[in-house]
Amino acid sequence: MSATVSLQQLTDQLEHLEAEAAAAIANASDAAALEELRVGLLGKKGRLSGVLGAMGRLPGDERPLVGQRANRLKDQVQQLLGARLEAVRGAAMAERLERERIDVTAACSYVPPGHRHPLQSTIEEIVDIFAGLGYRVSEGPEIETDHYNFTALNIPEHHPARDMQDTFYLGGDRLLRTHTSPVQIRHLEANPPPVRVIAPGRVYRRDAVDATHSPVFHQVEVLALDEGLDFSHLRGTVTTFLQQFFGDLPVRFRASYFPFTEPSAEVDVQWRGRWLEVMGCGMVDSAVLEGLGLDPERWSGFAAGLGVERFCMVRHGIDDIRRLFSSDLRFLEQF
Ligand code: DAH
């Protein structure tokens, strides 16, 4: 250890140390490196302590000069460390924000946990086909009056369809509609012909529940009224619709009876080798038109009605209607 040390030497050392510290601090890239520098420079066993240790060997009157210089260095280094720490923290935050950026507009691979119920997609498919033929959707209430559900459709007072066995009566003349046909009447009251509409919706009957009957089910009603429509238009429309829905398979019309159509027919499709009855239809009865104040000499048209459950079950090979109402996901997830 050298015996003597001069004021100049110590001052130079401090000067040098300050320059070195400033360069090292400027180069430190994170908080840990800065802490290491702080300990190495200002800590108990740090570089500054080393220089100050030699101070004791100076003449007493020179020591305060070195002490003051050392204090300035300490202040300066602390200030540089603080400023640099702030800078590296800011940079780290900016880098993290960039790295963890979430692009909320990016295309994603989200798999929806659910999908349409098979009855709903059947209704939508039917609606789509008729939309392609120029039809629009009309809707009516599920709570109907005796007038719209029966009388206006030419269903007489003592017709079996009015039987307590079949209809949910609500008191007064109100009831739960037993078919979507009342929408024909409501639509024509509100819209003068020509009209081309389909009316999907829920209907209700007091049926015992079994594999093919449910007290609530769905129908789609079809109505076209215009000048010059005849049975060939009915046949063409219904056949086109059925062949679009089921594929290009044989369709046959059988004479039938409905109070609100004349003539009336039931329609079958040949599905997997056997004839299946899929809908009722006919030319709108003149009694229905007269009830609406429409001249049957001028206006003619056709109506049709189908059961959505039937279409859905045939299409998907479902053998029990109750499955469609059970909300059992193990069943529904198959569609
Ligand atoms: N409303 C009838 C029913 O529920 C179905 C029906 C048959 C509707 C013939 C029609 C039709 O529009 O022309 O059972």
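How do the residues of the shell around the ligand divide into nonpolar, polar and charged? In this predicted model, the shell holds five nonpolar, eight polar and two charged residues.

Start with the site itself. The ligand sits in the largest pocket. Three strands each give two or more residues to the shell: E6 (216-226), E9 (274-284) and E10 (300-307). Altogether, 15 residues surround the ligand. Those that come nearest are His179, Ser181, Arg205, Gln219 and Glu221.

Now look at the oxygen atoms of the ligand. Gln219 has a side-chain N or O atom 3.0 Å from a ligand oxygen. For Gln184, the side chain again supplies the N or O atom, and the distance to a ligand oxygen is 3.2 Å. Ala304 contributes through its backbone: a polar atom there is 3.3 Å from an oxygen of the ligand. On its own, the ligand has 350 Å² of accessible area, and the protein covers 88% of that.

Next, follow the strands into their sheet. Strands of a sheet pair through backbone hydrogen bonds, either parallel or antiparallel. Here the sheet is open, has seven strands and shows mixed pairing. Its order is E1-E5-E6-E10-E9-E8-E7. Strands E6, E10 and E9, which contribute to the ligand shell, follow one another in this order. The edges are E1 (136-137) and E7 (251-258), and each of these pairs on one side only.

Finish at the E7 edge. E7 runs antiparallel to E8 (residues 261-271), and seven bridges join the two. Across this pairing, Arg252 stands opposite Asp268 in E8.

How values were computed: Residues are numbered from 1 along each chain as its sequence is written. This is a predicted model: local features need pLDDT of at least 70, side-chain atom pairs count only at pLDDT 80 or more; totals for chains, interfaces and linings use all residues. Side-chain values use heavy atoms; hydrogens and water are left out. A residue is near a molecule or strand if one of its heavy atoms lies within 4 Å of it. A polar contact is a pair of N or O atoms within 3.5 Å; within protein, one must be able to donate a hydrogen and the other to accept it, and residues adjacent in sequence count only if both atoms are side-chain atoms. Accessible areas come from the Shrake-Rupley method with a 1.4 Å probe; for residues, only the protein chains shown count as cover. On a 1 Å grid over the protein atoms alone, a cavity is a set of points where a 1.4 Å probe fits but cannot get out, and a pocket is an open set with protein on both sides within 12 Å along at least five of seven lines; lining residues have an atom within 4 Å of a point. A molecule sits in a cavity or pocket if more than half of its atoms lie within 2 Å of its grid points. Helices (H or I, at least four residues) and strands (E, at least two) are DSSP runs, numbered from the N terminus. Ala, Val, Leu, Ile, Met, Phe, Trp, Tyr, Cys and Pro count as nonpolar, Asp, Glu, Lys and Arg as charged, and the others, Gly among them, as polar. Two strands pair if DSSP finds at least two bridges between them.
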